[in-house]
Amino acid sequence: NWTPPVENHPYGFLAVDIPTNKIIEVLSLDFVLRMDTGENKYYPQNNLADDATNASSVWNSGSGWTGYGIKIGILDSDLDVAYLGTEFPSSIDQYDCWGEDSNIENLTSYGGHGTHVAGTVLGRGYYSNSHSGNNGSGSFKGMAYDSDLCFLKIGTEPYANADDRDIQQGLDLAVSTYNCDVVNLSYSTWNAYHDGSTTTEQKVDWVYSQGVPITVSAG
């Protein structure tokens with residue numbers, strides 16, 4: 001498996017299996033500048049995220065900062081409602097900005113992103129409660145696992161992309177109708193001007209001006 005040179009790595013490298021009795025012989029070759037191991041072990045990190053970010057320390061500090069009493073508005077593609085009452089609260093605020101109804105599922109294709117994001121934010125860890133493995137033990141909880149959920153579907157079907165109109169409507173509903181305390185929008189695009197002047201960027205600023213923190217992932 002040959003990896004050619006790239007910027008800052010002028011030589012490239014070749015991944016090969018070498019019998020232990022041939023290592024010295026291979027090192028003697030003129031074109032071999034360095035030898036390293038290819039046997040480092042890498043592990044999933046999902047269940048260690050709360051420790052790595054010190055979230056679990058906050059949960060266990062007695063501060064009560066688990067998200068309890070906080071409503072989080074998530075604008076995303078769709079939500080798998082089969083998890084209501086287990087991984088997610090049994091009762092949630094919901095609206096489909098694209099379909100103009102309350103069906104927040106994606107019944108065609110390209111769905112799942114919103115379920116993933118919602119789980120990262122406030123998953124209860126119901127199905128993984130007894131988990132134990134090489135990436136930690138215990139449940140895969142979201143960062144604010146005790147919070148309430150307001151899910152605003154902005155993804156079109158079947159492709160789950162979103163346009164300015166639906167995003168802006170979702171942001172408005174999150175603040176003005178559903179009274180969310182925090183808003184998350186894990187969507188982005190590439191605009192002509194990078195100065196915060198687009199209508200959706202103005203809407204994001206408006207959300208913040210109303211005293212509602214908002215996270216926009218990657219954009």
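Two strands are said to pair if DSSP finds at least two bridges between them, where strands (E, at least two residues) and helices (H or I, at least four residues) are DSSP runs numbered from the N terminus. The model is predicted, so that local features need pLDDT of at least 70 and side-chain atom pairs count only at pLDDT 80 or more, while totals for chains, interfaces and linings use all residues. Residues are numbered from 1 along each chain as its sequence is written, and side-chain values use heavy atoms, with hydrogens and water left out.

**Exercise 1.** Work out the strand order of the open sheet and identify the strands at its edges.

*Solution.* Begin with the pairings around β7: in β7, C150 is the bridge partner of D93, and β4 and β7 pair in the parallel sense over 4 bridges. Next, 6 bridges join β3 to β7, again in parallel, with D148 of β7 as the bridge partner of K71. Extending this gives an open sheet of 5 strands in the order β4-β7-β3-β8-β9, with parallel pairing. β4 (93-96) and β9 (214-216) stand at the edges, and because each has a single partner strand, one side of each is left without a neighbour in the sheet. From one strand to the next the twist averages 15 degrees, angles being taken from 0 to 180 degrees between N-to-C directions of axes fitted to C-alpha atoms, for helices over the stretch in contact.

**Exercise 2.** Describe how α5 is covered, and compare its span with the expected value.

*Solution.* Take the length first: α5 has 14 residues and reaches 19 Å from its first C-alpha to its last, close to the 20 Å expected at 1.5 Å a residue, the expected span being 1.5 Å times one less than the number of residues. Then list its buried residues (under 20% relative accessible area, with a 1.4 Å probe and protein chains only): D166, I167, G170, L171, L173, A174 and V175. Their cover includes β3, β4, β7, β8, α6 and β9.

**Exercise 3.** Determine which residues of the largest nonpolar core touch the most other members, and which element gives the largest share.

*Solution.* A nonpolar core is a set of buried Ala, Val, Leu, Ile, Met, Phe, Trp, Tyr and Cys residues joined through side-chain atoms within 4.5 Å. Of the 21 residues in the largest one, L75, L152, L171, Y178, V183 and V207 touch the most other members. Two or more residues each come from β7 (148-153), α5 (164-177), β8 (182-185) and α6 (199-209), and α5 gives the largest share, 5 residues.

Conventions. Buried < 20%, exposed > 50% of the residue type's maximum accessible area, 1.4 Å probe, protein only. Contact = heavy atoms within 4.5 Å.
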